[in-house]
Amino acid sequence: MSTIATIITAAAAFIITSIAGIWLIPFLRRLKFGQIINDIGPTWHKGKQGTPTMGGLMFIIGIVIATLVGYLTFSIASGDKLSALFSFQGKKMFAGLIMALAYAFIGFMDDFTKITKKRNLGLTVKQKLVVQILVAVAYLAILYLLGDKSTVLKLPPFGEVDIGLFYYPLGLIIIIGFVNAVNLTDGLDGLNSSVTFVYALAFMLVSAKLENMPNNIFATAVAAGCLGFLVWNFYPAKVFMGDTGSMFLGGCVVSLGFSVNLPATILLAGIVYLAEAFSVILQVICFKLTGKRIFKMSPIHHHFEMSGYSEVKILVLFSVVGFIGGALTILGVYNM
């Protein structure tokens with residue numbers, strides 16, 4: 001029964017997302033919701049000016065509907081329908097989905113501000129950070145109220161350690177850090193959706209091993225939704241996901257780890273996101289201290305681009321690195 005639910009979820013997410021592009025992309029063009037490119041990225045990215053953005057709405061719709069359909073299918077197919085429908089695992093999964101939608105709304109406001117004011121800066125850093133923190137705190141509070149009060153940090157396959165109340169500020173840092181890291185990864189055609197596709201596949205298997213079907217369904221929807229978006233977003237992209245999409249995916253990324261009580265695994269499975277974020281941090285610190293740059297341009301995908309790599313080659317390279325991180329995560333969980 002779980003296999004049927006997974007297949008239905010995958011099919012629904014892919015079909016809805018890919019078909020949504022048929023009407024959404026022309027709609028975004030009519031609204032003149034085009035990408036604003038000033039001094040961000042290599043100079044040759046100027047050619048992408050005007051490409052429809054906020055296309056992340058395609059996979060947001062696909063992932064949400066597919067998750068609901070897949071979860072209902074699983075609940076109906078289960079012997080005890082009510083306990084399956086209102087399970088603890090299910091509540092945690094939906095809490096994560098709501099968090100992702102909250103971050104998508106922040107991204108939407110950022111995109112809308114950029115488009116209406118015709119500038120590359122949307123919301124200010126302070127504005128975004130304050131709201132992001134509030135969403136993360138609310139998510140952790142909901143998990144606590146649902147009964148997830150464990151402060152044990154699991155580090156598969158090495159074991160676990162109880163870090164007490166420090167678990168919550170650490171969780172806050174992981175959530176905020178990775179939501180923004182996923183956002184930074186959205187800089188090349190198809191890159192973010194490809195890396196997140198690989199990441200979600202890893203958590204499909206992790207969730208299956210831990211017998212967490214709700215999270216398995218959610219991970220399946222995220223993976224298939226990203227694949228459906230690649231139909232339109234692969235190089236040369238016909239649409240960009242915008243902050244609306246990348247912030248939503250950031251919420252999905254952290255939710256998939258927290259829903260199985262393995263937030264530490266996000267660091268390894270999300271090694272590409274981590275590298276993107278640290279490349280920016282290191283670049284800024286090094287330039288302020290020495291006046292020199294470590295990378296030709298940050299985030300690190302732009303460094304590879306400035307070094308002569310094509311966007312497709314970078315996409316493949318980063319996806320392979322993400323696959324290795326995901327594979328190591330799966331091995332660790334399977335050997336806990």
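Contact is taken here as heavy atoms within 4.5 Å. The model is predicted. By that criterion, and leaving aside neighbours within four places in sequence, S18 is in contact with G228, V231 and W232. S18 is found in helix α1. Its relative accessible area is 13%; the cut-off for buried is under 20%, so S18 is buried. S18 and P157 are 139 residues apart in sequence. Their C-alpha atoms are 38 Å apart in space.

A second pair was examined across the chain. I61 lies in helix α2. I61 has 34% relative accessibility and therefore counts as partly exposed. The C-alpha atoms of I61 and V152 are separated by 34 Å. Along the chain, I61 and V152 are 91 residues apart.

Helix α6 covers residues 167–185. Its 19 residues should span 27 Å at 1.5 Å a residue. The end C-alpha atoms of α6 are 26 Å apart, which agrees. The buried residues of α6 are Y167, G171, I174, I175, I176, F178, V179, A181, V182, N183 and T185. An α-helix has 3.6 residues a turn, so residues three or four places apart point the same way. Within the buried set of α6 are Y167, G171, I174 and F178.

Helix α7 runs over residues 191–209 and includes N192. N192 has 0% relative accessibility, so this residue is buried. Neighbours within four places in sequence were again left aside for N192. The remaining contacts of N192 are V182, T185, D186, M241, S246, L249 and Y273. Among these contacts, V182 and T185 are also buried residues of α6.

Two cavities of 30 Å³ or more were counted. The largest cavity has a volume of about 50 Å³. The lining of the largest cavity consists of L140, L143, Y144, D148, S150, Y167, Y168 and F258. Helices α5 (125–146) and α6 each give two or more residues to this lining. The largest share, 3 residues, comes from α5. By class, the lining of the largest cavity has 6 nonpolar, 1 polar and 1 charged residues.

The second largest cavity has a volume of about 40 Å³. It is lined by V195, V198, Y199, A269, G270, I271, V272, Y273 and G322. Helices α7 and α11 are the elements that give two or more residues to the lining of the second largest cavity. That lining divides into 7 nonpolar and 2 polar residues, with no charged residue. Y273 lines the second largest cavity and is also a contact of N192.

Pockets were examined next. The second largest pocket holds about 180 Å³ of space. Its lining is made up of L155, P156, P157, F158, A264, T265, L267, L268, L328, T329 and G332. Helices α10 (265–269) and α13 (311–334) each supply at least two of these residues. The lining of the second largest pocket divides into 8 nonpolar and 3 polar residues, with no charged residue.

Two of the residues lining the second largest pocket, P156 and P157, are joined by a cis peptide bond. Omega of the bond from P156 to P157 is near 5°. P157 is placed in the loop between β1 (152–155) and β2 (159–162). A cis peptide bond also joins S298 and P299. Here omega is about 0°. P299 is found in the loop between α11 (271–290) and α12 (300–306).

Positive phi values occur in residues other than glycine. M54 has phi near 65°. M54 lies in the loop between α1 (2–30) and α2 (56–77). At 1% relative accessibility, M54 counts as buried. N261 has a positive phi of about 60°. N261 is found in the loop between α9 (242–258) and α10. With a relative accessible area of 27%, N261 is partly exposed.

The structure holds 0 disulfides. C226 is in no disulfide. The nearest cysteine sulfur to that of C226 belongs to C252, 7.9 Å away. A disulfide requires sulfur atoms within 2.5 Å, so this pair does not qualify. C226 has 0% relative accessibility and counts as buried.

Definitions and conventions:
Residues are numbered from 1 along each chain as its sequence is written. This is a predicted model: local features need pLDDT of at least 70, side-chain atom pairs count only at pLDDT 80 or more; totals for chains, interfaces and linings use all residues. Side-chain values use heavy atoms; hydrogens and water are left out. On a 1 Å grid over the protein atoms alone, a cavity is a set of points where a 1.4 Å probe fits but cannot get out, and a pocket is an open set with protein on both sides within 12 Å along at least five of seven lines; lining residues have an atom within 4 Å of a point. Grid points are joined across faces, edges and corners, and a volume is the space filled by probe spheres set on the points. Helices (H or I, at least four residues) and strands (E, at least two) are DSSP runs, numbered from the N terminus. Ala, Val, Leu, Ile, Met, Phe, Trp, Tyr, Cys and Pro count as nonpolar, Asp, Glu, Lys and Arg as charged, and the others, Gly among them, as polar. Buried means under 20% relative accessible area, exposed over 50%, partly exposed in between (1.4 Å probe, protein chains only). The expected span of a helix is 1.5 Å times one less than its number of residues.
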